[in-house]
Amino acid sequence: MGSLAPERVAELERHANDIRQGIIRSLLAAGSGHSGGSLDMADIFAALYFHVMRHDPKNPDWAERDRLLLSCGHIAPVRYSAMAYAGYFPVDELLTLRHFRTRLQGHPERVSLPGLETTSGPLGEGLAQGTGMALGAKMDHKDWRVYVVTSDGEHQCGLHWEAMMTAAKFKLDNLTCFIDRNVIQIDGSTEDVMPLEPLADKYRAFNWEVFEVNGHDVGAIVDAVEAAKAVRGKPQVIIAHTVMGKGVSFMEGDYLWHGKPPKRDEADEALRQLQTARDLIGAGARG
Amino acid sequence: MTNAASAAMHLTDYGNGDALKLVPTRNGFGTGLVEAGERDANVIAICADLSESTRMEAFSKRFPDRYVEIGVAEQMLVAMAAGLASVGKVPFIASYAMFNPGRSWEQVRTTMALNETNVKIAGAHAGVSVGPDGATHQAIEDIAIMRVIPKMTVVVPCDSVQTRKATLAVAARWGPTYLRFARAESAVITTEDTPFEVGVAQTFRDGDDVAIIACGILVYNALIAADELARDHGIACRVVNNHTIKPMDEAAVVAAARDCGAVVTVEEHQVHGGMGSRVAEILAAQQPVPIEFIGVQDRFGQSGAPTELVEHYGMGVTAIREATLRAHARKRAAR
């Protein structure tokens, strides 16, 4: 059993479900974009925006906020959807995703939308920037934390490993990295394209504290973050085992859904499945 | 051999061989960075395993808590600095120009420029005057790859005194910036009294026959060539120290071309894409005149002594004189 009360878990699950429905609607409106990874990170973004992070949607530049960096910028729809439901901007604005003059650029641009911490999309750069922020917090004796969300595929970038070394050198225990370990990248399985395993051992060898978690269990995600925050003298990684496309049966585990949006009938079916799931949230707990 | 413009700029007696001082421009960066750190507690320094040769060492000793050593990782250098800048620091990042920004171009574009972070790239050992290390370490494409990026500022000071001033100026001025300097000893032509402002070109020598528009340590060669041309040919050259490649002082460039009717550009860089190319872009649109380009002619460098290489690759005083005579002849032929 996790530390969260069942009612709190159910609330977070509803937030995750809202985020998934927002992803589907925005991608349908956009006509292009990345469905699979966006859907599979909904539970982690629900935990971060609705439980874990110190932030204020009405004051996105608050100096004492925790910093959340999305390194794999192509799954921007999950972040935008989480931000909209958290109150950063109207949920309807999600329908402007990828349109001309939108604040919701195809890949996130910090100067375009308040609440983003970096401009991202080119892979492998998020942990490096997060390392800089975490070091800056240490220099100024600030207690805010840095969270970096990465994909597994971008662990093939050399820069990410430069950042891993640097974060360990400076003992950045205010830095937590999430890995969306769905084992899928554009050309197929990560283990076929360029094997990453044994990934946890690699992090341990780089002097990081490693946690592994079911990336669709919001209670377990929250508990993993709490355990990570208690670590002293080391950065932490939470390897979140996820299923690409989670929550929409015909997308789950299929790498063809990495980089495409749903068509109208597919979106309708996805939203129907998600709403059905939403109606069942908490039923087990009430049991 | 000075004239009114030289006097107004408070230049040294650079033409007097006995009085000439030779100091590497990187030394000016080293002293300027310490001063910048004294002026602003947010100034920090990050180095990729080259603290002595980039002259970042002095800062590391003066401000050990604001100095970060990250090893041989130039992409990290930029991206990490962008993170530090986004939480209020003013990071200077140093390595050889060949790797910083040579190795990190996409990180510069995405995390510095597009992301609008106040990072200062200090590119040391630029140009063929690096010398014996050879072509792998001679950055002669760096101006081109930096000046094409929107929002970047690119500054190439002409001597060690100006490099110190430029370091202070870019520290105090917001914006993603590339500051380029060199390894070898080079002539000190400016003094403490010489003004410096980012984006404002300087007329170091006045004249109206040909304008020699130069940057970096070759400004000295341009001045010597101009003095010799006045003495030997009665040709009066204007010498412009065009230290800011971006945003370039377009008015000064256009005025030089309009007043002189012919231009020679001089830089320790490929002629393709560098300072001279930008001058040509401006003049083609606003004030077309004959232009000759002094720089590396689409080749790579090699090992050798700095002066030997500058001569071999066509950037010595003689080459500048010949180019100026060609530009002058083309101007007269066109009339």
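Is Pro176(B) buried or exposed? Select it in the predicted model and count its surroundings: Pro176(B) is buried, because 27 C-beta neighbours lie inside 10 Å and 20 are enough for that label.

**Stop 1: around Pro176(B)**

Pro176(B) sits in the loop that runs between H8 and strand S7 (177-180) of chain B. Leaving out residues up to four places away in sequence, show what Pro176(B) touches: Met112(B), Ala113(B), Thr117(B), Asn118(B), Val119(B), Lys151(B), Met152(B) and Thr153(B). Then pick the C-alpha atoms of Pro176(B) and Asn118(B); they are 4.9 Å apart in space, while 58 residues separate the two in sequence.

**Stop 2: helices H2 and H8 of chain B**

Step back from the loop to H8(B), residues 160-172, and add H2(B), residues 25-39. The axes of these helices come within 7 Å and cross at roughly 35 degrees. The crossing of H2(B) with H8(B) is right-handed. On the H2(B) side, the contact includes Phe29(B), Gly32(B), Leu33(B) and Ala36(B). On the H8(B) side, Val161(B), Arg164(B), Leu168(B) and Ala171(B) are among the residues that take part. Colour the contact by residue class, and six nonpolar, nine polar and two charged residues appear.

**Stop 3: all of chain B**

Zoom out to chain B, which has 13 helices and 14 strands. Its radius of gyration is 19 Å and the globule rule gives 20 Å for 335 residues, so chain B is as compact as a globular protein of that length. The C-alpha trace of chain B spans about 60 × 45 × 35 Å along its principal axes. Of the 335 residues in chain B, 61% are buried. Among contacts in chain B with a separation of 6 or more, 79% join residues 24 or more positions apart.

**Stop 4: two domains**

Colour chain B by its domain assignment: domain 1 covers 4-18 + 194-334, and domain 2 covers 22-187. Their centres, taken over C-alpha atoms, are 25 Å apart. Domain 1 of chain B puts 33 residues into the contact, and domain 2 of chain B puts in 32. To see the domain 1 side, select helix H9 (219-233), strand S12 (244-246), strand S13 (263-270), helix H11 (275-286) and helix H12 (306-312) of chain B, each of which supplies at least two residues. By class, that side of domain 1 of chain B has 17 nonpolar, 13 polar and three charged residues.

**Stop 5: where chain B meets chain A**

Now display chain A as well. Here 22 residues of chain B are in contact with 21 residues of chain A. Which elements of chain B give two or more residues to this side? They are helix H5 (74-86) and helix H6 (105-114). H5(B) has the largest share, nine residues. The side of chain B that touches chain A divides into 11 nonpolar, eight polar and three charged residues.

**Stop 6: Gln107(B)**

Finish at Gln107(B), in helix H6 of chain B. Gln107(B) is buried, with 27 other C-beta atoms within 10 Å. Setting aside residues up to four places away in sequence, Gln107(B) touches Glu125(A) from the other chain, and Gln75(B), Val78(B) and Ala79(B) from its own. For a last distance, take the C-alpha atoms of Gln107(B) and Leu77(B): these residues are 30 apart along the chain, and the atoms are separated by 9.3 Å.

Terms used:
Residues are numbered from 1 along each chain as its sequence is written. Chains are lettered from A and ligands numbered from 1 in the order in which they are written. This is a predicted model: local features need pLDDT of at least 70, side-chain atom pairs count only at pLDDT 80 or more; totals for chains, interfaces and linings use all residues. Domain bounds come from an automatic or database domain assignment. Two residues are in contact if their C-beta atoms, placed from the backbone, lie within 7 Å. Helices (H or I, at least four residues) and strands (E, at least two) are DSSP runs, numbered from the N terminus. Ala, Val, Leu, Ile, Met, Phe, Trp, Tyr, Cys and Pro count as nonpolar, Asp, Glu, Lys and Arg as charged, and the others, Gly among them, as polar. The radius of gyration is taken over C-alpha atoms; the globule rule is 2.2 Å times the number of residues to the power 0.38. A residue is buried if 20 or more other C-beta atoms lie within 10 Å of its own, exposed if 12 or fewer, and partly exposed in between; C-beta atoms are placed from the backbone. Axes are lines fitted to C-alpha atoms, for helices over the stretch in contact, and angles run from 0 to 180 degrees between N-to-C directions. A crossing is left-handed if the near helix is turned anticlockwise from the far one by less than a right angle, and right-handed if clockwise.
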